[in-house]
Amino acid sequence: MLSEEKNRQFTQVGAGTPMGELLRRYWMPIAAETELDDRATKPVRLMGEDLALYKDLSGQFGLVERQCPHRRADLVHGFVEECGLRCNYHGWLFDETGACRERPFEDVIFKGNESVREKARIKAYPVRVLGGLIWAYLGPLPAPELPEYEAFNWPNGFRQVILSEIPCNWAQCQENSIDPVHFEWMHSNWSIRLKGEKGPYGPKHLKVGFDEFEHGFLYKRIREDTDEEHDLWSVGRTALWPVGMFLGDHFEWRVPIDDENTLSVAWSFQRMPVESEPFVQDRIPYWYGPIVDEKGEWISSHVMNQDFIAWAGQGRIADRTKELLGRSDAGVGLMRRRFFEEMDAVARGDDPKAVIRDPDKARNIALPIVHADRYHQGLTREQLIAHPVLGRHIKGYPYQYGQPQALLESIWDAAGIRAEDLGLKAPEMAGEME
Ligand code: FES
Ligand SMILES: [Fe+2]
């Protein structure tokens, strides 16, 4: 339970709020790199700030405030030039540093008078591309290093990016990253009930444990079907600080749009069979996953869709003054405490947890992985199709509803597999995520 005051501090992301200032110390994924091949500009709302993301004709990305400083036109409707983004209303041109490069009419009237343009500088934030994602940093400069997770560099994998907007505060989404017991109920048992069956239910949790490390927290579990030797206890799953989760074959980030909305960004890796090696992906595709169906009902068929239902169901901003925590929430408590301590660190002027300043330390960061062999060690096509988990994943994206059929078919092409080899009718749901 948190007091009303603490709950506000914990959830508010605007500039100048304690959590907003803490979260501004980290790079946040805001788009797929390839989205900007399909459109030159993209509206981005990040931590309550309205911004225009663009890629200019020279390939440079920029992230600038959304309203033009002239008469407030929307720069998302602007058009890109060799260098920068031009407002479509009267043609003012801005570069990725926020400098105004042209004010066409005033440039005629005040020939060569630089100060006319200098007055029109706009807010601009650093943007980087890594792992097929576009990352933004809204905090004080100099920006820290952008962490390059080792998974981004794994060879022979097919990657994809999935984006969805969830109508609730980011913090309740991130608390889900350190909540082992929900897998048993929300994913295993509820999935069984959703199929109209009453059982048998999935294995019960017998023990959970939590550890903190440099890049976040680990949660560990022993269920009826596993023991202390199993990776799920000896390694654990990673709640990635501050807004992520890493599950070996995918990352999930819960990026704050504003106090009441969150962008779910997922990055998935599928190891291609050895016959397809060396597999080099020249373009990482993306798709937007719907969260409700045509009737407006929540989609509940896939693991992350189930999570979205839980998060949004807690309310726009979960009221933590009314919750009753149990023993399974020890990790949630640890994470909250760490957030409050790190807000204090920022207020003191210190770098908070997991901010990296040394470029060497930001390169190829290895994270703990359960079932590491599934992503490193290639299988033959035949073994892949027969694999109890990977064999299901190759039939369709298991974690979220809505993968475009053409994308799925491009994965089969890359893997040299045909739908008939999979005996496939419709993409099946995978209730096996642990
Ligand atoms: S409003 Fe943008 S140039 Fe006039
Ligand atoms: Fe979940």
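# A guided tour of the predicted model

Begin by selecting Asn364, which sits in the loop between α10 and α11 (373-376). The model in the viewer is a predicted one. Asn364 is not a glycine, yet its phi is positive, near 55 degrees. Most residues other than glycine have a negative phi, and most peptide bonds are trans. Asn364 is partly exposed, because 13 other C-beta atoms lie within 10 Å, and a residue counts as exposed at 12 or fewer.

Select Arg72 next. Arg72 belongs to the loop between β4 and β5 (79-80). Although Arg72 is not a glycine, its phi is positive, at about 70 degrees. Is Arg72 buried or exposed? Arg72 is exposed, since 11 other C-beta atoms are found within 10 Å.

**Two cis peptide bonds**

Move to Trp241 and Pro242, which are joined by a cis peptide bond with omega of about 0 degrees. Pro242 is in the loop that connects β15 (237-240) with β16 (244-246). Then select Glu277 and Pro278: the peptide bond from Glu277 to Pro278 is also cis, with omega near -10 degrees. The loop that holds Pro278 runs between β18 (261-271) and β19 (286-288).

**An annotated region**

Now select residues 27-136. In an unreviewed UniProt entry, these residues carry the annotation "domain: Rieske". Over residues 27-136 the chain is 14% helix and 38% strand. Where do the two ends of residues 27-136 stand relative to each other? Their C-alpha atoms are 5 Å apart.

**Strands β3, β4 and β9**

Display strand β3 (residues 49-55) together with strand β4 (residues 61-65). The two strands run antiparallel and are joined by 5 bridges. To see one position along this pairing, select Leu51, which stands opposite Glu65 in β4. The hairpin of β3 and β4 has 5 residues between the strands. Which residue of this hairpin takes a positive phi near 95 degrees? The residue to select is Gly59.

Add strand β9 (residues 124-125) to the view. β9 runs antiparallel to β4, and 2 bridges join them. Leu63 has Tyr125 in β9 as its bridge partner.

**Val44 and its contacts**

Select Val44, which has its place in strand β2 (residues 41-46). Why is Val44 classed as buried? Within 10 Å there are 23 other C-beta atoms, and a residue is buried if 20 or more lie within that distance. Leaving aside residues up to four places away in sequence, Val44 touches Ile30, Ala31, Leu51, Leu53 and Leu63. Leu51 was seen above opposite Glu65, and Leu63 was seen paired with Tyr125. Arg66 is 22 residues from Val44 along the chain, and the C-alpha atoms of Val44 and Arg66 are separated by 8.5 Å.

**Helix α1**

Finish with helix α1 (residues 4-11), and highlight its buried residues, Asn7, Phe10 and Thr11. Looking down the axis of α1, the viewer will find these buried residues within an arc of 85 degrees, so they line one face of the helix. An α-helix has 3.6 residues a turn, so residues three or four places apart point the same way. To see what covers the buried residues of α1, display further helices, including α2 (18-23), α6 (170-175) and α10 (330-348). With α10 in view the tour returns towards its starting point, for the loop of Asn364 lies between α10 and α11.

Methods: Residues are numbered from 1 along each chain as its sequence is written. Chains are lettered from A and ligands numbered from 1 in the order in which they are written. This is a predicted model: local features need pLDDT of at least 70, side-chain atom pairs count only at pLDDT 80 or more; totals for chains, interfaces and linings use all residues. Helices (H or I, at least four residues) and strands (E, at least two) are DSSP runs, numbered from the N terminus. Two residues are in contact if their C-beta atoms, placed from the backbone, lie within 7 Å. The arc is that of the directions from the helix axis to the C-beta atoms. Two strands pair if DSSP finds at least two bridges between them. UniProt positions are given in the numbering used here, feature names are shortened, and annotations may be inferred rather than shown by experiment.
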